[in-house]
Structures are given as structure tokens and as C-alpha cells.
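Subject: Structure for your review

Dear colleague,

Please find below the structure that I am handing over to you. My findings follow it.

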Amino acid sequence: MADATVDTVTTVPVAIVGAGPAGLMLAHRLGRAGVETIALDTRTRHEIETTQRAGILEADVARDLVETGVSDRILRDGHEHEGVELRFGGRAHRIDFKDLVGESVWLYPQTDVFVDLADARERDGGTVHFGIKDTEVLDITTGSPRVRYTAPDGTRHEIRARYVVGADGSRSMCRGLVPEDRRVRFTKEYPFAWFGILTEAPMSAPELIYAHSEHGFALISRRSETVQRMYFQCDPDESVDAWPDDRVWETFQARVAGEDGFRLREGPIIEKTVLKFRSFVQEPMRWGSMALAGDAAHTVPPTGARGLNLALHDVKVLAEVLARALGSDGDAALDDYQPRALRRVWRAQNFSYWITQLLHTAPGSEPFDLQRQLGELDNVVGTRAGRTYLAEQYTGWPTRARA
Ligand code: PHB
């Protein structure tokens, strides 16, 4: 394939494999620095726009969307949340982010972030090709890597770049290009998954609810005034067919039930999905002329809502480093990428793992395990230090106000 003739050859400083939020935000940031890019994705724009993902952005990420000129739609359509509720032992416990760490988070679905970025690329004249196939990344250990792909019309194209970025998500092809004997993969599997629904129902609470119960974990989030997003912990092999709406609602109600008589407001369920997850990191995050960013390099369980935030932090660092590398600094600038990105990756890995094990019930767990978890939850909500720890992790580790 590498020697096959191609229909066009284009030269650009940075080729980006993957045009999800990480790839497009990188293209946007590089565009602002005067660096041209071409971003590619095997999915169509419609496919990306309609795949439900998480919905919480750190305040810094929300500010960056506005301040870097992507869009200020988040200020109108997003919702600032100054805290979350932890429910356990049948009672509600609010974690007040604003009071504890002076920060908030924004409820703004990842699909909206993607739409804003894709629109911004179009507005700014950036090149993005969706729905391509047969991607090949070549010569990454040289100073002139190439990317070849087949366009939706069947024509074959080659991009000649100075750097290639693999932002191609959790099933990344690019990360497999780092030789096996030169890479390390850190993986943690979990014995549970999430059953996610979208329901046409009114909001049940003003803020997100993370519920621990003897029946397992549940999360109550939302998408709009009239559509709500919720998840409950399920078996990884669960089939959505075994879950008629009545059974789904019964499960949710049991997991949030408590002495305060709290009940979720029910409605027709318009989507049901089983979401598997794991913790994963591949090092190094850069190999020759290729860097990995976002889910391609690391994934986290969704519990702490870190995934998108972490991906956007990677590309913030990477955009700066690539702009320097293409300027007078050369390749040496790229050496800064992994150390600066990876520190946050492992902090987020720890938080995501910690909050996942804090709130989920492992199959086969004993009464001791449940009581110990309740003790830990009590430690978290029962002292200002515990609440502050949770608030700091959940709102991110801002690059400006707090070190
Ligand atoms: C969501 O709204 O989809 C969501 C929110 C918070 C999480 C995970 C998912 O931790």
C-alpha cells in the first residue's frame, strides 16, 4: 500500500489523525498560532455529533473555549454547577465546590463541544476530512512522516507533514505504531460497566447526583430541561434487551432511595446503552515525529468526568510545544510534551480510579466492604479537608489560580 499511487499529495506542517474534540481543539489552537493542519476522521461528522459522551467541563476548559475564540455558546447553553451531591446511606451530602475551592464546573455535553469546534474549523477555513478510511501513517521515525487515506469518494490521498498527531481515540491505530518493545501499556479492568439512558423527563435535581447504595452505583446527570442523562452500574455483559423501561426505573429508584423520600422523575426512555470502561495509559506519548493525545494515549473510567478535560489539557500543552518545534526550537521542544502532560494524566488516573471504587459495588463484595465504603464516604463528606480533596480533583487542577 505504501507505494501505491495516490491521487493527491498535500504538504502541511501537522497532520492530525482523529477529528474528535482533542484533534479539533489542537487544530484550532495551532491555527491561532499560524500553523496549518489537516485533521482526518474515519467517522462522519453526523456519527460523532450523535454519539453520547460525558458532559462535565472544568471551568478552565470552559474559559478556554470562549477565550481562544472557539465559541461562547457554552455561556448561553451550558450550565454552571457550583457543586455536586453525593448520596449514600440514604442521605444527600452536598459538595460545595465554590465554597471549598472557589471553582465550579460546566455541564455542557461533549457533543456540543465537538459541534462548536467543527463549526469553528469551518469558519476559520481549517481543513477537516470526515468519513475517510484505510488510514496509513508512515515514516514517523523520520523528519518527514506521511499519512495516506481514502476519501469517501474512493480517491486516495497523501499528506506530507513535519509532525503527525494521533488523536484517534480509545481504539487508536496510531498508538500501535510505537514499537512493542519500546512502549509500556498500563491497564486496569473493572468488573462492572454503566447502563446509560436518555429520558424525556423533567430534571430531578438542580445538580448532578452520584449515588452509592447496597445495590450499586447510580449517576443522575442531564442534557436539557426536558432530556435527562442517567447511568447505573451494571454487569459488563449486560444486554439492553433485558431492560424494559419499568425495570430500568425500578433500578434507578432503588439506588437513590432514602429517608428523605427522594424519587427521580420518570419519562419515556429514548436511548439505552451499556458502556464498558477501563483505566489505560500508554507511554511514551511521543515517538519520533508522532505524538499521541487524549484517549489514544490514556482512558479513564467515566465516574470522575475527567476524560475530555484531560484530552483538552494534552492538546493545550501539545499545541504550544508543536508551535515551538516548528519555530526555532526544533524537535527538542517536543521533549517537553510528555513530562508536562503525563503528570496530570496520572493524577486523573488516580482520581478516576479512586472515585470509581469509592462508589461502585464490586461483585462478590462482603458486608465488610460495603460498611468500609460508607466509612470512607463519611470521611470524605465529614470533614472540610475530605470535601476539599474531592472538590479539587473534580474541578481539575487549574493551571492559573491554584498551583
Ligand atoms: C454525563 O453527563 O454524561 C456525565 C456526567 C458526569 C460524569 C459522567 C458522565 O461523571
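What is the distance from an oxygen atom of the ligand to an N or O atom in the side chain of Arg 223? In this predicted model, that distance is 2.8 Å.

**Ligand site**

Two further polar contacts involve oxygen atoms of the ligand. A polar atom in the side chain of Ser 221 is 2.6 Å from an oxygen atom of the ligand. In Thr 303 the partner belongs to the backbone: a polar atom there lies 3.0 Å from a ligand oxygen. The ligand on its own would expose 280 Å², of which the protein buries 99%. Two elements, β15 (218-222) and β16 (227-234), each contribute two or more residues to the surrounding shell. In total, 15 residues surround the ligand, and the closest of them are Tyr 210, Ser 221, Arg 223, Tyr 231 and Thr 303. By character, the shell comprises nine nonpolar, three polar and three charged residues.

**Helix packing**

Helix α9 takes part in two packing arrangements that I would like to describe in turn.

Helix α8 (residues 307-329) packs with α9 at an angle of about 175°, and their axes are 9 Å apart. Angles over 145 degrees count as roughly antiparallel, so α8 is roughly antiparallel to α9. On the α8 side, the contact is formed by Leu 310, His 313, Asp 314, Val 317, Leu 318, Glu 320, Val 321 and Arg 324. Helix α9 supplies Tyr 337, Arg 340, Ala 341, Arg 344, Val 345 and Ala 348. The residues of this contact divide into eight nonpolar, one polar and five charged.

The other arrangement pairs α9 (residues 337-359) with α10 (residues 367-382): their axes come within 9 Å and cross at roughly 125°. Helix α9 is therefore oblique to α10. Here α9 contributes Trp 354, Gln 357, Leu 358 and Leu 359, while α10 contributes Arg 372, Gln 373, Glu 376, Leu 377 and Val 380. Five nonpolar, two polar and two charged residues make up this contact.

**Backbone geometry**

Two backbone features may interest you. As background, most peptide bonds are trans, and most residues other than glycine have a negative phi.

- Glu 283 and Pro 284 are joined by a cis peptide bond, with omega at about 0°. Pro 284 is located in the loop between β18 (278-283) and β19 (286-287).
- Asp 134 has a positive phi, near 55°, although this residue is not a glycine. Asp 134 belongs to strand β9 (residues 133-138).

Yours sincerely

Key:
Residues numbered from 1 in each chain as written. Predicted model: local features only at pLDDT ≥ 70, side-chain atom pairs only at ≥ 80, totals over all residues. Heavy atoms only, no water. Axes fitted to C-alpha atoms, helices over the stretch in contact; angles between N-to-C directions. Helix = DSSP H or I, 4+ residues; strand = E, 2+ residues; numbered from the N terminus. Parallel < 35°, antiparallel > 145°, perpendicular 65-115°, else oblique. Contact = heavy atoms within 4.5 Å. Nonpolar A, V, L, I, M, F, W, Y, C, P; charged D, E, K, R; others polar. Near = heavy atom within 4 Å. Polar contact = N/O pair within 3.5 Å; in protein donor to acceptor, adjacent residues only side chain to side chain. Areas by Shrake-Rupley, 256 points an atom, 1.4 Å probe, with all protein chains shown as cover.
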